[in-house]
Amino acid sequence: MKNVMILTGAGQIGMAIARRIGYEMKIVIGDKKPENAQAIAKTMNDAGFYVVPVAMDLSNRASIQNIISEAQKYGDITMLVNAAGVSPSQAPIEAILKVDLYGTAVLLEEVGKVIAPGGVGVTISSQSGHRMKQLTPEEDEQLACTPTEKLLKLPLLQLEHIRDTLHAYQLAKRGNEKRVMAESVKWGRKGARINSISPGIIVTPLAIDEFNGPRGDFYKNMFAKCPAGRPGTADEVANVAELLMSNQGAFITGADFLIDGGATASYFYGPLKP
C-alpha cells in the first residue's frame, strides 16, 4: 500500500506536476479519452513511476466516484492534481460549464470527503477568471457555496446571460477560484489543504488548439505584449505546484496563484488594455 495521487486530465501540465512530486506514490490518472490516460501512464511508468490509467468523465459524479474508489485500492489518497478541462475553442457553452465548473466542484467535494490528514490538492484554473468583469459579492458567494447539484441552475450561468464560449470559460474559472476558497475550509477540518493555479498561455496541445482557433491571433498578441514576452511551459506551472503541495507551502490554502507572465497586468495597465 502506498500514498496515492489522483491526477485528472492526461495533459502536459498534469504530467509535469505528477513527475515533479509523484515519485514513490501510486498515481491514478483519469481522462475522458482512455488512450490519453494510457499514453501518459506509459510515459511515466517507463520513467520509473507507478501509474494506473482510468477512464474518467469530469462532468459525471459517478465517474468521479469511480476513480476515487479505484485510487483507494492502493492506499490513502494524499494528493489531488486536477488538470482536466476543456477550452473555449474545444466545446460549446453548456459543456464548458458542465466540465470546468460543475465537474471541478464535484471533484473537490468528493475528494474532500476522503482526503487523508495532511493531504493536499491543486486544481488548474486560468488567467481568464482574473480578466472578467468583477462579479457582485453575492454572485461570488453563489459560485463558492451553492450545492453542486444546484450550481448550474444559478441565474448568472443561464445561456441568456452568457455571451460566448470565452465568457462561459471565464465564469467557470472564476467559479474554480471561489470553490477552492470554500472547499479549503472543509478540507481544513481534515488537516488537508487545497489551492488553485491560474496559468496564462502555456504551450500544450490545448493551447495549440487555441492558437489555431478563431482567437489564435488574440492569444499570440497576448503573450507577445505581456511583460515576459513569451508563453510559459508546463514545468513552470509545476514549479508553483511543487511549492504549494510540499511542506514549504504548509501555510497556503484556499488561495489562487496567477502565473501568466504578466499578461493580466498588461491587460489592466499596459499595452493589452482593451
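**Pockets and the S1 strand**

In this predicted model, the second largest pocket holds about 230 Å³ of space. The lining of this second largest pocket is made up of Met132, Lys133, Gln134, Leu135, Glu139, Leu156, His161, Arg163, His167, Gln170 and Leu171. Sorted by class, these lining residues comprise 4 nonpolar, 4 polar and 3 charged residues. Helix H7 makes the greatest contribution to the lining of the second largest pocket, with 3 residues.

The largest pocket has a volume of about 1,200 Å³. Its lining consists of 47 residues, of which Ala83, Gly85, Val86, Gln90 and Leu206 are the closest to the pocket centre. By class, the lining of the largest pocket has 22 nonpolar, 16 polar and 9 charged residues. Several elements of secondary structure take part in this lining, each with at least two residues: helix H1 (12-21), strand S2 (26-31), helix H2 (34-45), helix H4 (93-114), helix H7 (165-188) and helix H8 (205-211). Among the contributors to the lining of the largest pocket, H8 gives the most, with 6 residues. H7, which supplies at least two residues to the lining of the largest pocket, is also the element that gives the most to the lining of the second largest pocket.

Strand S1 was examined next. This strand spans residues 4-8, and 5 of its 5 residues are buried, so S1 is largely enclosed by the rest of the structure. Burial applies to both directions in which the residues point: Val4, Ile6 and Thr8 point one way from S1, Met5 and Leu7 point the other way, and all are buried.

S1 pairs with S2 and with S4. S1 and S2 run parallel and are joined by 5 bridges. In this pairing, valine 4 of S1 stands opposite lysine 26 in S2. The connection from S1 to S2 passes through H1, and the resulting β-α-β crossover is right-handed. Both H1 and S2, which take part in this crossover, each supply at least two residues to the lining of the largest pocket.

The pairing of S1 with strand S4 (residues 77-82) is likewise in the parallel sense and extends over 5 bridges. Here valine 4 stands opposite isoleucine 77 in S4. Valine 4 thus faces lysine 26 in the pairing with S2 and isoleucine 77 in the pairing with S4, and Val4 itself is buried.

Definitions and conventions:
Residues are numbered from 1 along each chain as its sequence is written. This is a predicted model: local features need pLDDT of at least 70, side-chain atom pairs count only at pLDDT 80 or more; totals for chains, interfaces and linings use all residues. Side-chain values use heavy atoms; hydrogens and water are left out. On a 1 Å grid over the protein atoms alone, a cavity is a set of points where a 1.4 Å probe fits but cannot get out, and a pocket is an open set with protein on both sides within 12 Å along at least five of seven lines; lining residues have an atom within 4 Å of a point. Grid points are joined across faces, edges and corners, and a volume is the space filled by probe spheres set on the points. Helices (H or I, at least four residues) and strands (E, at least two) are DSSP runs, numbered from the N terminus. Ala, Val, Leu, Ile, Met, Phe, Trp, Tyr, Cys and Pro count as nonpolar, Asp, Glu, Lys and Arg as charged, and the others, Gly among them, as polar. Buried means under 20% relative accessible area, exposed over 50%, partly exposed in between (1.4 Å probe, protein chains only). Two strands pair if DSSP finds at least two bridges between them. A crossover is right-handed if, with the strands pointing away from the viewer, the path from the first strand over the helix to the second runs clockwise.
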